[in-house]
Amino acid sequence: MPPPRKRLRALIPFAIGLAAIVALIVAVNPRQIGTQAQHFSLVAVPFVVALSIGYYLLQGVRWHFLLRDAGVEQSLGDTVLLNMAGQSTGLLPLGELTRAVLVAESSKSELGAVVATVTVQELIYTLLMIAAAVPGAFEHRAWGGAVVVALLFTIAVFVLLTVPRIFRAVRATARRVPFLRRFAPDIDELRRETVVLLRMRGTYLWSVVSAVQVLVAITLFWLVVHSIQPGLLTWPEAAFVYAVSHIAGAVSLIPGGLGPYEASIAGLLVASGASIQTGVTIAVLHRGADKGLATAAGMIAYLIARRRHRFSGFALFRQQPAQERAAN
């Protein structure tokens, strides 16, 4: 286990994000948020649950085929189960790597190879999500540039990883810069683990599942918005708001984008004509509908996986050093 002081430092970003959400709620007035939340249509609840859980089931299915291409022997059912189990720590530092650790342990595979499949999956998902936001970006020119830049950056990462000549040029540049020199071995390893998958035809053919994931994620967000204030956003506009907020959360480097994601959601909704109370209410409710439900389902899935694969009771937390090595 890492030293207690190191573990506490790792929780600082999570604490900052949580404090940001609390501050946002307090500033708006919790009673007003509660009043706004009462407008949520109960008819939408089963659809919200189905979309939320369905998203992570699709994520597990997509991941299974990437693992298979990487040579990791894991049944489809176990992949879906362990992917869901990994969501139990999704808001903790390095929690997004928990599913990789569980699969590596259950299949006796190299953690680096499993993490590479997660990297490729998230890269493709992000590209598709940003692409889905482009139509809505035309209606918000002030923020539309962020979507275009993010799309170009993601494409540049693909080119960097798959075109040897460009990769060698970037690596040579990185070795000349003192700050970047220390990351050169990590860049080499990242490319070595992911380039094989990125050059496989099946990686892109099965990405249709990731495309469905994107549609499900955006529809879930739109449904939460529509249930609080019908007509506030069209589906393309919801795709734009969701993508920009997703990018803001990722850039913050806070686990799960906790805090910056909600602030971005609220700000963009206010810019779209909602009150600040409505914006914050939607941001909080959507967080609960997404990560809240996923965390609860993940805990149940982990209890099942623990019995099936005989994980130790603290496997999720004892694997933090392995996750740190994979991230570094």
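This passage describes how several helices pack in a predicted model. Residues are numbered from 1 along each chain as its sequence is written, local features need pLDDT of at least 70, side-chain atom pairs count only at pLDDT 80 or more, and totals for chains, interfaces and linings use all residues. Side-chain values use heavy atoms, with hydrogens and water left out.

A good place to start is helix 4, residues 45-69 (helices are DSSP runs of H or I with at least four residues, numbered from the N terminus). Its 25 residues reach 37 Å from the first C-alpha to the last, close to the 36 Å expected at 1.5 Å a residue (the expected span is 1.5 Å times one less than the number of residues). After helix 4 comes Gly 71, with a positive phi near 85°.

Two packed helices are described by the angle between their axes and the distance between the axes. Here, axes are lines fitted to C-alpha atoms, for helices over the stretch in contact, and angles run from 0 to 180 degrees between N-to-C directions. Angles under 35 degrees count as roughly parallel, over 145 as roughly antiparallel, 65 to 115 as roughly perpendicular and the rest as oblique.

Helix 4 packs against helix 5 at about 125°, with axes 8 Å apart, which makes the two oblique. The crossing is right-handed (the near helix is turned clockwise from the far one by less than a right angle; anticlockwise would be left-handed). In the contact (heavy atoms within 4.5 Å), helix 4 residues including Tyr 56, Trp 63 and Leu 67 meet Leu 76, Thr 79, Val 80, Asn 83 and Met 84 of helix 5. By class, nine of the contact residues are nonpolar, five polar and none charged (Ala, Val, Leu, Ile, Met, Phe, Trp, Tyr, Cys and Pro count as nonpolar, Asp, Glu, Lys and Arg as charged, and the others, Gly among them, as polar).

Helix 4 also packs against helix 16, at about 65° with axes 9 Å apart, so helix 4 is roughly perpendicular to helix 16. This crossing is right-handed. Val 48, Val 49, Ser 52, Ile 53 and Tyr 56 of helix 4 take part, and among their partners in helix 16 are Ala 289, Asp 290 and Lys 291. The contact has eight nonpolar, one polar and two charged residues.

Turning to helix 13 (residues 207-228), its axis comes within 10 Å of that of helix 16 (residues 276-309), crossing at roughly 135°; the two are therefore oblique. Helix 13 passes helix 16 in a right-handed crossing.

Finally, there are three salt bridges (a side-chain nitrogen of Lys or Arg within 4 Å of a carboxyl oxygen of Asp or Glu). One of them joins Arg 308 and Asp 78, whose closest N and O atoms are 3.0 Å apart. Because Arg 308 lies in helix 16 and Asp 78 in helix 5 (residues 76-86), this pair ties together parts 230 residues apart in sequence.
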